[in-house]
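Got your viewer open? Here is a short tour, one selection at a time.

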Amino acid sequence: MRTVLLAGSSHPALAKQVGAALQLPLGRCDIERFPDGELNIQLHEPVRGAEVFLLQSLHAPVGEHLLELALISDACQRLGASSVTAVVPYLGYARQDRRVTGKEPLGSRVVADLIAAGRVDRVVCLDLHSRAVEGCFPRPVEHADAVPLLIAHVKANLVLPAVVVSPDLGAVKRAEAFARPLGLPVAVVHKQRISGAEVKAMGVVGDVAGRHVIIVDDMISTGGTLVAAVQTVLEHGARSPVTVVASHGLFVGPAQERLAALPLARVVVTDSVPFIGKALFPLEVVSAAPALADVIRRLVASSSGN
Ligand code: R5P
């Protein structure tokens with residue numbers, strides 16, 4: 001069966017890297033606007049009978065990127081694709097995987113339903129915020145894992161003694177998965193979220209005194225979590241500067257200024273979300289393309305019976 005790789009407009013650079021890893025050119029798909037602002041999708045790539053992989057990261061503007069994904073997928077199905085797999089390196093709304101006040105929607109579920117509305121057969125996600133998000137999808141979810149790539153990157157410059165720090169209780173399992181292959185201990189910051197951009201740290205569980213700290217989280221958004229975590233570990237005697245590792249770097253709102261003001265050795269993220277402009281802090285970007293290409297390769301092999 002033919003394999004076709006397509007990309008929405010959210011992250012063509014990553015789509016090209018995935019294509020290079022798979023030795024697949026990007027399929028032809030024009031994405032323009034009608035004068036009234038509606039999307040005008042023209043799929044020129046022949047997809048009849050093909051297994052289509054459609055890469056679209058769902059960062060801001062999330063609604064636009066999501067609609068594009070559903071429209072391109074719908075075009076593929078109508079043109080006779082055998083299957084459409086949405087490859088979503090960053091899944092927006094993944095943090096809304098539970099209701100906190102009881103007055104809000106279940107955002108992850110709504111986004112998962114909207115992706116499925118484009119008649120996507122399957123979804124590939126990279127380092128989901130939580131495994132609970134998978135349960136929101138009415139279609140099978142395949143996981144791509146960027147953690148081994150991030151570990152390999154950090155290992156090359158690891159200075160001992162070190163400790164991996166989870167900046168909140170939700171990221172403990174991720175921190176443990178990161179620390180285990182490096183043989184490092186884990187500490188946890190007790191975080192309380194005050195608003196979308198403000199958090200407060202209540203203390204740290206575990207020993208950070210005299211150690212080089214590697215803070216591991218799934219994402220950096222406004223940087224509020226990092227400010228609280230870095231300040232807390234330094235107050236508890238950790239060595240400065242601190243290393244930060246996250247799968248997704250959104251860097252929205254005050255993130256640039258906040259991170260620039262922190263004593264950071266480096267901030268390591270994948271390219272699941274494109275970084276626009278110049279970083280005011282020591283940013284290091286590891287490509288997620290090998291992890292995404294591996295999953296696609298595996299899916300193609302299993303559908304061709306290999
Ligand atoms: C929270 O559950 C996440 O794992 C991140 O810690 C958080 O979303 C980061 O957001 P911010 O950078 O705005 O604190």
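We start at the ligand and then move on to some aromatic rings.

Before you click, know that this is a predicted model, where local features need pLDDT of at least 70, side-chain atom pairs count only at pLDDT 80 or more, and totals for chains, interfaces and linings use all residues. Residues are numbered from 1 along each chain as its sequence is written, and side-chain values use heavy atoms, leaving out hydrogens and water.

**Stop one: the ligand.** Select the ligand and the 14 residues around it (a heavy atom within 4 Å). Among them, Arg 95, Asp 217, Asp 218, Thr 222 and Thr 225 come nearest. Now show side chains: a polar atom of Arg 95 lies 2.6 Å from a ligand oxygen, and one of Thr 222 also lies 2.6 Å from a ligand oxygen. For Lys 191, that distance to a ligand oxygen is 3.4 Å.

Next, colour strand 11 (212-220; strands are DSSP E runs of at least two residues). Strand 11 gives the largest share of the shell around the ligand, 4 residues.

**Stop two: the rings.** Select Phe 251, Phe 275 and Phe 281, a cluster linked by ring pairs (centres within 6.5 Å). Phe 251 and Phe 275 have ring centres 5.6 Å apart and planes at 70°, so they sit edge-to-face (over 60 degrees). They are 24 residues apart in the chain. Then look at Phe 275 and Phe 281: with centres 6.4 Å apart and planes at 85°, this pair is edge-to-face too.

Which of these count as buried (under 20% relative accessible area)? Phe 251, at 11%, does, and so does Phe 281, at 6%.

Note on methods: Phe/Tyr/Trp six-rings, centres within 6.5 Å; stacked < 30°, edge-to-face > 60°. Buried < 20%, exposed > 50% of the residue type's maximum accessible area, 1.4 Å probe, protein only. Polar contact = N/O pair within 3.5 Å; in protein donor to acceptor, adjacent residues only side chain to side chain.
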